[in-house]
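Reader: I should like to go through this structure with you, beginning with the ligand and then turning to the strands. Could you take me through it?

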Amino acid sequence: MTVESVRPASPHARELPDPPFAGGGVPLLGHGWQLLRDPLGYFARLRDHGDVVRLKLGPKTVYAATAPELVGELALNPDYIIGGPLWESLEGLLGKEGVATANGPTHRRQRRTIQPAFRLDVLPEYGPVMTEEAQAFARRWQPGEVIDCTSESFRIAVRIAARCLLRGDYMDERAERLCAALATVFLGMYRRMVIPAGPLYRLPLPANLTFNRALADMHLVVDEIVAERRASGQKPDDLLTALLTAKNENGDPIGEQEIHDQVIAIVTPGAETVASTIMSLLQVLAEQPEHADKVAEEAESVGGDRAVAFADVRKLAHTNNVVVETMRLQPPVWILTRRAVAETELGGYRIPAGADLVYSPYAIQRDPRSYERNTEFDPDRWLPERVKDLPKYAMTPFGVGNRKCPSDHFSMAMLTILTAEVARKWRFERVPGSRDAVRVGITLHPDRMLLRAIPR
Ligand code: HEM
């Protein structure tokens, strides 16, 4: 039992009222059917019912927080830990022993193992790989070629993460397998989260078999990466070596399962979130030509006759604002859950011990109470003179507090360099047959977008 699970109840919490129920639930499925039918709209409308509301997902009651300050409270109050429907549905993928799902002392130890790879003073070392990959990415296409944004985005996301953090070359075949498997796995996990009907998912139905095959392949890819490194006998100074040589609280080497779960917990969410953001950025470059032109001009003026580099990231101010605004409107991690380990309080309401809580960065980042013209794409809202009025925690695409994404600066640098290099070489046009609508699963991104690349 962890320290977190035995914390005593806050003395005044039980005198507080329960939050109201959101309207629109149906027998058996509760609000789950709305989360399947129109999840984004549903979450955005929840704020009209209150800052904290109760939902029914199948037999479960879930508490939703809809105001930015409560996101901060969920992240910073130790009464809430990683848990709840999202993490339960992800356990089949992420395992129980990786950093993304662990809590308490194990989580702190694991963060200490991985954090050095993402330290600000280490990031410049990844710069040459980011620039090289961004340049190669922008040079892959022929003029007029129709590009499949999903596979291209996964390919580059996996390549950069693998080359920087796992020092693995030649990842294309694995990137393709990961891309195919993750698409199936993340969609299946979303279904399992909103309709938690355990036994149904164990039936030998075609959808379940496809899901199980995809999951097995994901684990196989990770086993291959670990086995190859061990067989090579090499110990480069990277994240994989840090994981393979990590020690537990007693000073003993960590077990095989933990090594496996740690690699999974880093590679798979990293690939899925970065790939989703790249897809959204390509969509922005196609749909917002005036901003695409501005990004291209900025990249030209900063880079000149060379590719933009890590040291240029600070000078790519508009490009950075385009990336941030893209993540505001389409955050890849659009839903997060927590579990209360003690009876506690949120927004003036009683939260019972064991309660599952949920919030949506998508809904928070589009809240008209925080953002003027909330649905408009406006990168200039991130100019220093305008951003100062933004409420705290109104923009948290990488999370907050001790569970904040360790890769925030790494990802922002990579995405800025990539956007600049792509925009200075190409314009993008929509093509028939492209499925541009947003696809909602555990992450958010354009469904199966095809774009024609036109040279500048
Ligand atoms: C955690 C978003 C890229 C590894 C998180 C969380 C968010 C997030 C919101 C916090 C979850 C929570 O509060 O419950 C993103 C976004 C990314 C990105 C938007 C890119 C655009 C990456 C990459 C990696 C990575 C590239 C690794 C290569 C992790 C890990 C955690 C995490 C290991 C768990 C941290 C913990 O629980 O202590 N990410 N992420 N992420 N992310 Fe990222």
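Reader: Which element gives the largest share of the shell around the ligand?
Author: That is α11, which contributes six residues to the shell. Please bear in mind that this is a predicted model.

Reader: How many residues surround the ligand, and which are the closest?
Author: The ligand is surrounded by 28 residues. His107, Arg111, Arg338, Arg403 and Cys405 are the closest.

Reader: What is the make-up of that shell by class?
Author: It consists of 17 nonpolar, eight polar and three charged residues.

Reader: Where does the ligand sit?
Author: The ligand is placed in the largest cavity. Two or more residues of the shell come from each of α5 (104-114), α11 (256-287), β5 (336-340) and α16 (408-425).

Reader: Back to the histidine, please. How does histidine 107 meet the ligand?
Author: Histidine 107 has a polar side-chain atom 2.6 Å from an oxygen atom of the ligand.

Reader: And what of the arginines, 111 and 338?
Author: Arginine 111 places a polar side-chain atom 2.7 Å from a ligand oxygen atom. For arginine 338, a polar side-chain atom is likewise found 2.7 Å from an oxygen atom of the ligand.

Reader: Let us change topic to the sheet of five strands. What is its strand order?
Author: The order is β1-β2-β8-β5-β3, in an open sheet with mixed pairing. At the edges are β1 (52-57) and β3 (80-82), each of which pairs on one side only.

Reader: How far are neighbouring strands of this sheet turned against each other?
Author: On average they are turned by 40°, with direction ignored.

Reader: Do tell me about β3 and β5: are they parallel or antiparallel?
Author: They run antiparallel, and three bridges join them. Within this pair, tyrosine 80 stands opposite alanine 340 in β5.

Reader: What holds strands of a sheet together in general?
Author: Strands of a sheet pair through backbone hydrogen bonds, in either a parallel or an antiparallel manner.

Reader: Moving on to β12, how many bridges does this strand form with β4?
Author: Strand β4 (residues 146-148) pairs with strand β12 (residues 450-455) over three bridges, in the antiparallel sense. Valine 146 has arginine 452 of β12 as its bridge partner.

Reader: And how many bridges join β9 to β12?
Author: Five bridges join strand β9 (residues 426-430) to β12, and the two run antiparallel. Here tryptophan 426 is partnered by proline 455 in β12.

Terms used. Residues numbered from 1 in each chain as written. Predicted model: local features only at pLDDT ≥ 70, side-chain atom pairs only at ≥ 80, totals over all residues. Heavy atoms only, no water. Near = heavy atom within 4 Å. Polar contact = N/O pair within 3.5 Å; in protein donor to acceptor, adjacent residues only side chain to side chain. 1 Å grid on protein atoms, 1.4 Å probe; cavity = no way out; pocket = protein on both sides within 12 Å on 5 of 7 lines; lining within 4 Å. Sits in = over half its atoms within 2 Å of the grid points. Helix = DSSP H or I, 4+ residues; strand = E, 2+ residues; numbered from the N terminus. Nonpolar A, V, L, I, M, F, W, Y, C, P; charged D, E, K, R; others polar. Pairing = 2+ DSSP bridges. Axes fitted to C-alpha atoms, helices over the stretch in contact; angles between N-to-C directions.
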